[in-house]
Amino acid sequence: MDLSPSAREIWQALLDWAPSELSESWDNIGIQSGDPEARVKRIVVALDPTFALLEEARCRGAQMVITHHPLIFGPLRSLDLSQQIPRLLAGYLRSGIVLCTAHTNLDAAIGGVSDLVADFLGLVGARPIACRHVYDDNVTGLGRIGRLEKARSLSEVASDVLRFTSAPGCFIVGDPRRVIEKTAICCGSGSDLWPFVIDSGAELFISAEIKHHIARDAEERGIAIIDAGHFYTEHPIVFEIVRFLKRKADQMKWDIELFVFEGERSPFVYYQP
């Protein structure tokens, strides 16, 4: 008896956690390429759909890859294989590997990307920075804001963020000795939520890819910032996806193996001469 689920059943399981209605209108989530009815025995999970990930999936004998970031974002105008995205798509199709993405729906979901950091830091009363959706009687949306269970200095919070994300360093705005309590979090690129952060009365904003003018505005307003990098603030979700699907597999009696792409690294490195 074949107990392996289809790629479509795997995707449906992810939607139980992070419904598609939670995704932003500009996003592109779901099965990006491959046969939704393909039987899946091995899955590799990563943040980005790269050639290195494709090679890892091939070596693992995987039938499915799940990433947080989509490969196809904007309209695909051609399948010219001299171009990177079509060539990568062709690689997944030729290898019979289904490529699937859970992006902003997982950013907003309860237990999703920002909740992981909020839980680690001990944020109590956490709620979305931008409330946009209601599901299962819960209001959710992008980012989280709440109060640290134990107020501590900006430098102590920064050290905790680095410990959780494994980032080699971070940028901060504000006096490292300042004691912080009310904290907002948006993993990945959070500059678009800055107006909501101001209105929320947060003392600290933990995020990544903060634009210069926002950092300057934060400095003027007396709001601290920790920018720990896009890759590092989001990468912990990869391990959570694996844990979720393992629980689902146990519940559904699925015969599948799950792997984190251990070789995945941030494209940025910290350089100090």
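Let me start at Ala 218, which sits in helix α8, the run of residues 212–221, and I should say straight away that what we are looking at is a predicted model. Is Ala 218 buried or exposed? With a relative accessibility of 0%, Ala 218 counts as buried, because the cut-off for that word is anything under 20%. As for what surrounds it, once we set aside the neighbours within four places in sequence, Ala 218 is in contact with Val 173, Trp 194, Ile 223 and Ile 225. If we look back along the chain to Phe 205, the two residues are 13 apart in sequence, and their C-alpha atoms are 9.2 Å apart in space.

Phe 205 takes us to strand β11, residues 204–208, where 5 of the 5 residues are buried, so the strand is largely enclosed by the rest of the structure. In a regular strand, side chains alternate between the two faces of the sheet. In β11, Leu 204, Ile 206 and Ala 208 point one way while Phe 205 and Ser 207 point the other way, and all of them are buried.

Now, which strands does β11 pair with? On one hand there is β10, residues 179–189, which pairs with β11 in the parallel sense over 4 bridges, and in that pairing Phe 205 is the bridge partner of Ala 184. On the other hand there is β12, residues 224–227, where the pairing with β11 is again parallel, over 4 bridges, and here Phe 205 stands opposite Ile 225, a residue that we have already met as a contact of Ala 218. The connections deserve a word as well: β10, helix α7 (residues 194–200) and β11 form a right-handed β-α-β unit, and β11, α8 and β12 form a right-handed β-α-β unit too.

Stepping back to the sheet as a whole, we have 6 strands in an open arrangement, in the order β5-β8-β10-β11-β12-β9, with mixed pairing. The edge strands are β5, at 123–127, and β9, at 171–173, each of which pairs on one side only. Ignoring direction, neighbouring strands of this sheet are turned against each other by 25° on average. At the β5 end, the pairing with β8, residues 144–153, is antiparallel and uses 3 bridges, with Arg 127 standing opposite Ile 145 in β8.

Two helices can be placed against these strands. Helix α6, residues 154–165, packs on the sheet and touches β8, β9, β10, β11 and β12, its direction making about 115° with that of β8. Helix α5, residues 113–121, lies across β5, β8, β10 and β11, and runs at about 155° to β10.

Further along the chain is helix α10, residues 236–252, and there a simple check is available: at 1.5 Å a residue its 17 residues should span 24 Å, and the end C-alpha atoms are 25 Å apart, which agrees. Its buried residues include Ile 237, Glu 240, Ile 241, Phe 244, Leu 245 and Lys 248. An α-helix has 3.6 residues a turn, so residues three or four places apart point the same way. Just after α10, Lys 253 takes a positive phi of about 65°.

Finally, the cysteines: a search of the whole structure finds 0 disulfides. Cys 59, at 62% relative accessibility, counts as exposed, whereas Cys 100, at 0%, counts as buried.

Conventions
Residues numbered from 1 in each chain as written. Predicted model: local features only at pLDDT ≥ 70, side-chain atom pairs only at ≥ 80, totals over all residues. Heavy atoms only, no water. Disulfide = S-S within 2.5 Å. Buried < 20%, exposed > 50% of the residue type's maximum accessible area, 1.4 Å probe, protein only. Contact = heavy atoms within 4.5 Å. Pairing = 2+ DSSP bridges. Right-handed = clockwise from strand over helix to strand, strands pointing away. Expected span 1.5 Å × (residues − 1). Axes fitted to C-alpha atoms, helices over the stretch in contact; angles between N-to-C directions.
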